[in-house]
Amino acid sequence: MKVHEYQAKELFAEAGIPVPPGEVATTPVEAFEIASGINRAVMVKSQVHVGGRGKAGGIKYAENAEAAKVLAQTILGMDIKGLTVKKVLVTAAEDIASESYVGIILDRATKRPVIMVSPAGGVDIEEVAAKTPEKIFKLAVDPVLGLKAYQARDLAFKLYRDIGQVRQAADIIMKLYDVFWKIDASLVEINPLITNTASKVVAIDAKVNIDDNALYRQKQVEAMRDLDAEEPSEVQARDADLSYVKLDGSIGCMVNGAGLAMTTMDLVKRYGGEPANFLDIGGSSSPEKVITALKIILGDPNVRSVLINIFGGITRCDDVATGIVRAFKELKPTIPAVVRLTGTNEKEGIRILKSVNLPSADTLDNVVKKAIELAGEGA
Amino acid sequence: MSIFIDKKTKVLVQGITGRDGSFHAQQMKSAGTKVVGGVTPGKGGASVGGIPVFNSMAEAVKKTGANTSVIYVPPPFAADAIYEAVGAGIKTVVCVTEGIPANDMMKVYPHVTKHGVRLIGPNCPGLISVGQSKVGIMPATIVKKGNVGVVSRSGTLTYEAIWALTLAGMGQTTCIGIGGDQVIGTNFIDCLKAFEADKSTKAIVMIGEIGGSDEEEAAAYIKKYVTKPVVAFIAGQAAPPGKRMGHAGAIISGGSGTAAEKIAALNKVGVPVAGSPTEIPDVLKELMSGTKKKASGRKTPAAKKTVTRKKASPKKSAAVGKTTARARAAKPASRTRTKTKTKNKKTAARKKQK
């Protein structure tokens with residue numbers, strides 16, 4: 001899950017990381033009021049879940065509150081890479097003396113949090129990594145021991161020569177590492193971390209991604225979720241504990257297991273169709289889940305046929321079949337569907353399905369071909 | 001022969017009184033597995049279909065002499081269940097549970113490694129050594145005794161591949177699902193190594209998916225150490241970048257982790273990649289009937305398709321490019337972190353100060 005910059009800054013501020021004062025506004029008048037309160041030059045920053053906001057014109061400098069109001073007027077409602085700006089962060093502008101980078105990610109290869117710092121901040125860190133990798137310094141932290149003060153200091157020495165600034169940066173790195181664990185982040189990033197003309201080290205940008213698996217214990221962070229920034233059907237699916245990703249095709253797919261769901265999509269494409277979605281009903285699927293899944297698929301106006309592919313393991317075919325039967329009786333869809341059930345409790349499942357006369361297929365490739373045929377697509 | 005589990009495997013089921021735990025305890029038992037007990041704190045003394053239930057792993061191991069455990073407890077308690085198994089002296093832990101926070105697993109991993117425990121999963125279907133033992137949730141009805149080893153990051157997709165092999169008369173030694181999370185215990189390389197060493201395994205099927213670089217690392221390992229024929233399948237060629245496809249680990253982060261990349265890496269070391277799981281048996285037969293040496297640089301139609309698609313949507317790839325390079329940049333961390341190029345750093349810092 002992603003959170004906005006202003007929310008990430010709230011989390012950082014809570015942890016004691018210095019960030020400039022600021023608040024989020026949804027109208028130009030609010031922006032004016034916030035800027036008046038700050039009472040010096042401000043930055044007006046669009047709050048959308050994409051990178052490159054500055055280049056797109058979504059981050060501007062305002063000399064005073066009146067200017068902030070005018071800029072907020074322009075930026076609110078702006079389209080940045082397909083997303084509409086609904087909020088702006090109005091925050092004190094800093095006099096920048098130097099810019100560096102600090103980030104922590106969950107690294108799959110080492111199975112550890114990796115801290116990256118670079119004195120070349122304020123630009124795309126990937127560009128730095130590609131062009132001047134010698135300017136990036138990394139540390140894979142022992143997750144059991146945690147980050148030690150000397151390690152944070154060593155990293156800080158890569159950024160600054162002034163011991164006062166080194167100490168400030170080391171403290172920020174320690175606190176950032178604490179935030180990473182405390183909120184179950186998969187990424188925390190400050191780009192840039194600046195020194196201002198008063199020689200203070202300040203985080204003027206903030207990025208945080210959260211591990212979805214940990215949201216059950218991160219209520220404060222989950223409350224930050226911006227539903228406006230998401231596909232409504234994906235929100236509905238998540239509430240029902242289903243993995244769903246909306247795509248643009250016409251074959252609605254309901255599959256158990258992520259790997260098989262991906263493969264089913266791959267085969268739809270291979271045989272000339274276009275998948276309307278990725279949908280994994282997960283393990284131990286109850287009939288209720290199946291009903292919700294079918295509702296979501298049928299709610300997509302692009303869907304012209306429904307493909308149900310179940311290979312029972314922990315999921316029982318009879319459970320899925322019961323759900324399908326109930327869903328079809330309840331929803332009475334006019335869109336054609338084809339079902340394939342194999343694996344655990346397969347026989348019971350097929351017997352239950354007979355009561356609604358759904359066309360079935362015996363193999364993976366056949367159920368895909370049949371669904372494409374029913375949608376009237378393909379070669 | 002087989003890998004990781006065999007006739008001597010004695011299994012404890014952690015979370016045996018739950019819906020999934022009780023159901024699959026019975027399924028394992030009827031598949032011939034020695035299920036010697038189960039654990040649910042507070043339900044000690046009970047019995048689930050004739051299987052004794054204990055309050056703790058320590059007690060259960062002491063009373064039963066179990067060497068393996070399988071975990072069905074919910075995500076908030078799963079990491080603790082792994083620690084408990086390790087503490088009780090279990091040597092192989094199969095964690096079926098899906099949805100364990102990555103931070104928990106980052107701490108579990110060094111712990112199991114330190115104690116020499118083999119962890120399989122989490123978020124995995126477990127494994128079957130055909131005719132000997134089944135630990136986890138794979139349906140025993142789809143396997144057949146033979147000489148193919150199967151390893152996969154997926155669950156149901158693995159069943160699909162196994163079923164295709166069985167229908168084609170190609171039986172298996174061990175079929176193992178290693179899990180779809182970002183932080184897992186046993187990986188492809190561990191399994192390839194074990195299959196290479198297992199005398200009865202004559203060929204290997206490897207099923208990967210988008211996300212991470214385990215397949216690429218496996219390809220490099222195959223080139224160096226694996227003499228047995230290997231056929232692969234990679235799921236997620238139609239997956240859009242930047243979206244998590246069910247599994248926590250199945251996400252394309254820009255240029256890194258795409259199916260096309262993985263297929264190319266495998267093809268490069270002579271591992272053919274099937275276009276559909278149902279085509280795996282044919283590809284494998286072809287490979288085995290040919291020279292023992294793997295066909296090199298064999299391009300699959302699937303590979304070409306993905307490449308074209310990638311070109312068609314440069315905008316999307318660009319949008320997610322950020323994460324990738326970051327991931328890539330982070331990768332050699334453990335190797336290079338001590339080497340610092342002081343001069344450059346100082347110059348850079350100085351420039352910034354001005």
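Select Lys243(B) and Glu234(A) first. In this predicted model, the two residues form a salt bridge, with 3.0 Å between the closest N and O atoms. That pair belongs to the boundary between the two chains, where the rule finds 6 salt bridges.

Next, select helix H9 of chain A, residues 258-270. Of the side of chain A that touches chain B, H9 gives the most, with 10 residues. Now color that whole side by class. It holds 37 nonpolar, 15 polar and 26 charged residues.

Show both sides of the interface together. Here 78 residues of chain A meet 81 residues of chain B in contact. Turn on polar contacts: 17 residue pairs across the interface qualify, both partners at pLDDT 80 or more.

Switch to a surface view. The size of an interface is often given as the accessible area lost when the parts come together. For chain A and chain B, the buried area is about 6800 Å². Carbon and sulfur atoms give 59% of this area.

Now move to chain B and select strand S13, residues 230-235. Is this strand mostly covered or mostly open? Mostly covered: 6 of its 6 residues are buried. Show the side chains and look along the strand. Val230(B), Ala232(B) and Ile234(B) point one way. Val231(B), Phe233(B) and Ala235(B) point the other way. Residues of both sets are buried.

Last stop: add strand S12 of chain B, residues 203-209. S12(B) and S13(B) pair in the parallel sense, over 6 bridges. Pick Gly208(B) to find what faces it across the pairing: Ile234(B) in S13(B) stands opposite.

Definitions and conventions:
Residues numbered from 1 in each chain as written. Chains lettered and ligands numbered in written order. Predicted model: local features only at pLDDT ≥ 70, side-chain atom pairs only at ≥ 80, totals over all residues. Heavy atoms only, no water. Contact = heavy atoms within 4.5 Å. Buried area = accessible area lost by both parts, 1.4 Å probe. Salt bridge = Lys/Arg side-chain N within 4 Å of Asp/Glu carboxyl O. Polar contact = N/O pair within 3.5 Å; in protein donor to acceptor, adjacent residues only side chain to side chain. Helix = DSSP H or I, 4+ residues; strand = E, 2+ residues; numbered from the N terminus. Nonpolar A, V, L, I, M, F, W, Y, C, P; charged D, E, K, R; others polar. Buried < 20%, exposed > 50% of the residue type's maximum accessible area, 1.4 Å probe, protein only. Pairing = 2+ DSSP bridges.
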